[in-house]
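Please walk through this structure in two steps, beginning with a contact between chains and ending with a sheet and the helix that lies across it.

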Amino acid sequence: MAEAVLPRPLLGRLLRAREGGFPYIAATVLALVLVCALLGPWISPHDAGRIALSEAMTPPAWLEGGSMSHVLGTDNLGRDILSRIIAGARVSANVALYAIVLSGFIGAVLGMAAGYFGGVVDALISRLIDVQMSVPSIPLAMLFAAVLPPGEAMVIFIIVLSYWTWYARLVRGEVLSLRERDFVKLAKVAGVGTPTVFYRHLAPNVLNMLLVLATLQFGSVIVFEAGLSFLGLGIQPPNVSWGGMLADGRNFIEVAWWLITMPGLAIMAACLASNLLGDWLRDTLDPVRRQL
Amino acid sequence: MSGYIARRLLQGVVAIVGALLIVFVAQRLSGDPVALMLPMDATEEDFAAMRQALGLDRPLPAQFVVFIANAVQGDFGDSYQWQAPAMALLLERLPATLELALAGLVFALLLAVPLGVISAVHRGGVVDRVAKIFAMLGQAVPGFWIGLLLILFIAVELQWLPAFGRGGLANLVLPAIALGWYPVAAMTRTLRSSMLDILDSDYVRMERAIGLPERWIVWRFALRNAFVPLVTMIGVYFANMLGGAFVIEVVFAWPGVGRAVVDAVFARDFPVVQAGVVLAAVVFVVVNLIVDLSYGFIDPRIRHG
Amino acid sequence: MKPRRVGPLVAAAVLLALAAQGAERTDEIVVAFGAEPQQVDPTRSSAGVDGYYMDLFYENLLAVTPDFERVNWLAESWEVVDDADGLRIAVKIREGVTFHNGDELTAHDYAYAFERQSDPTSRTAGRLRHVDGVRVHDDYRFDMVLGSPDGSLEPLNLILATIPRKYYEEVGDDGVQVHPIGTGPWKFVSRKVREELVVERFEDYWNRDAMPVAKRLRIKIIPEDTTRVAAFKTGAVDWIDAVPPAQVEEFEATPGVRVASLPAPNNLYVALNAIDAGSPFRFPKVRQAAAHAVNVDDIVQYVLYGQGIRTAQLAPGTLGYDPALKPYPYDPARARELLAEAGYPAGVNVNCYNLTTPREPYFKEVGETIFAYLTEAGIRCRIVQLEYGAWINLGRRDVRPHMDGIMSTMWGQGLPGDPTDAWSGHVHTTGDGWGSYSYESTPQLDAMIETLRTTMDLETRTRLIEEIARLKHELVAGGLPTYRPMITLAWREGVDFDPWPAAFWRSMRGLRGAEP
């Protein structure tokens, strides 16, 4: 009877991920982010950097004073918010993809090495993971922001530095158990070289989990990047980022609520979508529902 | 037990030395650590003295030893913005940050515990579903954005609570919500699954069989036991909160370590930045140590392997 | 039964709390500043913002009243004397003025201040380079002995800081930072860096007419606009600095809130590198192109919500302000023509440094807009963010800070304002002793500025300033002036406040207190 309280269609579909159905909405949102990232300049209604002072602070189209040429309104310099969100999607997706691929790769290699070789290698890598995990990532980001030139590359570097441990731990654990499995043992007995064992037997088996973790982290990386840019330590103007839009808009929070609402919603949508898709992937690829 | 404590202490020391190594590397990454450590109007003599102090005439490993030696004494250089030892400046602000992180943790627990327990007891019920949605939203919404919205609606529009600064309990509420927001989801999920395990266990079946009241079983026995995995994660959450506090402090003008470090980054006041990172690492390691060592007290069944 | 009792109880409690709050108000006023100074030692001042705190504690020999009249303050009288004993400013100070620690102010304190301020490590040394020394006659009379005439001393209120020598020698530099002591109406109580400063009314203040009524003043540092405004709206603070321009209208319309929009003692301009061999701005035509490319009127109207005064060179009220001098009109087509004439028909690429600071409202946004205008007209900007704190630190070096293109920046001055010092800094090739942040080198302007500095007659100075401004304008030399910002202060009705120009209107000297 309790279920009846909830409006079924929308929430039902949102929650379908839990029940194993493909999360269409989430996938669409993520696809949208990627499309914006790839085709941004072509689909964007205006140039994201174009300043038009006389159109400053135009509210979203559905409000009084709004205009269809600026569907989500304009900011304090008359720049089109929708265009900026599209441009921000490019930065977010770029940063997230690079950061995740790099940290996934580094983490996976180190994790596999630790799990496979054990002994000193494992001890060293495990300590490295401990050390890395004992420095909270935001202070760490500030440290490097103070010494490196700010920008996309620095943000990616910082994220990789803080995120590789997740992959390393995951893969290490998985390889530890795989190592004892017959097909790996057989391969070793048959004299297959270590790189081949890695490549042929270990990698495919951890790939699924890596994919799940990567999807789940796509959103968290976007939030992290937004936080850095919000503080002014990440993406620098004139490059557009969602976090930077929030930082710029906060001074006008009482005058024009859409300045902070729209980029915030974009972050939320992208992150929510990646979490839902990640959950679905996990349930699909790994029916045992291992906790990540 | 004492062997375990010794091992954990050693691990903690290794982690802190590692954190120092990261700072050391970052210092060298900029090219000239001396320029980093001195104000821009420093004289040649200042430069020479700093070069001496950092041991730059010696090989890198020796420089690192010098760095560690200084660090152990809490010497990370002087802030040139405020003409005071950097670490002392931050230690003065540490209570504010800890207070905020603790408040965030309390808020998260206040929300997560009832949500987690009720979701487990009434699996698939309204609360369970709401908690799921909340969990999904919670992880997707940046705390600093929540902070901005809270300021806008609760503080400015409704004028219910103060919007900034440190003071009484009322000042703590909004930043604590913004900070505690994020881990609620994970906490609820962890608690829910461990509650489910316990409620399905033979113990509980037996307790039910002997007719113990359900309320007692759920809220005392099951919760107490289900809490253990949560406690083990509290160290991690607390660290996240400390990091998160760095951002939330900026939103709420909270006079803590994070705000000072963010300011220092902009003012190129590197001594404060490096002291801040080391301080965060030390607090994190210490908190985790305390949490680890306290397992035994919370659940005597868990012994250290 | 129970609920009935709670109602009146709650009401009583609320009333009590309100009454307590009301009583507190008269004793303590809470104000919020948007920026915090780093220095509390007036002999070590360097950035304009440093005055925020200093002018609470310290006073000068002269002062400027709210109607921009310069009056004798700690000086009872002073005159320029040029006789057999040489050129000098003879000062007679007030008798019976005491410092916060009870020491009496004497002429010897000024000799000591001169010693500190003329020390090569002091940022003010350059301003004192025409002053050879301070000669003390007795406890209340001294001479500032001049090596050559210096016309900038009067606008600087005779520059010498009023500091207690004995105390300084006792506690040393670090001690002064911890607990500053002056003669001003407010006395230091405590300070938490980046958080708050608490000061107390100085009961033995010499000037009974300017005595604050409020007993204590608690100054909160809240750089974030939103948070500062929220603090005011929720009643946590009674007075705020720097109401965001976008909200000035709303504040003005709020009942129970008093608002004052005042000219900031700051002049914004765009610095153009006219000295490096590779810089296109060494050609006057390119600089003129830049002047035609930017629509400053629109920036003031839309970005600043009207909270700015367009300037051609100097703002109204400044010594030598010339209403006949009009800004370059916004004309991007003309800008392109000029670029082509200078040999850049395809435009130029330059680095554009965007200074960010909370010191002036929307400074970052203004910079971005200026760079967008320039880009549109063919002066294509590659924007580089530059934080103010880092920039100021750079400026403390003797060498000119590296800036190879364009930078949106500002020059501060006192109010009503005199450009001598600022022009020395950013128009004169070597800074004329002020420590250079100039990217300009025009011998004719250098000579005129040097003459201006050594001219003490007001009439001649005024004419000279007008001449320099015209030449500077014609050549777009020493940067392109844009506007003077307005600063809006707001306070709750019941707090009695007359803004004084000292410390950029933040000296709280005009704070009389709150009605009981």
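**From the A–B contact to the sheet of chain C**

In this predicted model, the contact between chains A and B takes 40 residues from chain A and 45 residues from chain B. On the side of chain A that touches chain B, the elements that give two or more residues are α4 (119-133), α5 (137-147), α8 (194-231) and α10 (258-285) of chain A. Of these, α5(A) supplies the largest share, with 10 residues. By residue class, the side of chain A that touches chain B divides into 30 nonpolar residues, six polar and four charged.

Chain C offers a different subject, an open sheet. Four of its strands form this sheet in the order β4-β5-β7-β6, and the pairing is antiparallel. Because β4 (75-83) and β6 (131-138) of chain C stand at the edges and have a single partner strand each, one side of each is left without a neighbour in the sheet. From one strand to the next, the twist averages 20°.

Within the sheet, the pairing can be followed down to a residue pair. Strand β5 (residues 86-93) of chain C pairs with strand β7 (residues 141-146) of chain C in the antiparallel sense, over five bridges, and Val91(C) has Phe142(C) in β7(C) as its bridge partner.

What lies across β5, β6 and β7 of chain C? Helix α3 (residues 107-117) of chain C does so, and this helix runs at about 165° to β6(C), which is one of the two strands standing at the edges of the sheet.

Definitions and conventions:
Residues numbered from 1 in each chain as written. Chains lettered and ligands numbered in written order. Predicted model: local features only at pLDDT ≥ 70, side-chain atom pairs only at ≥ 80, totals over all residues. Pairing = 2+ DSSP bridges. Axes fitted to C-alpha atoms, helices over the stretch in contact; angles between N-to-C directions. Contact = placed C-beta atoms within 7 Å. Nonpolar A, V, L, I, M, F, W, Y, C, P; charged D, E, K, R; others polar.
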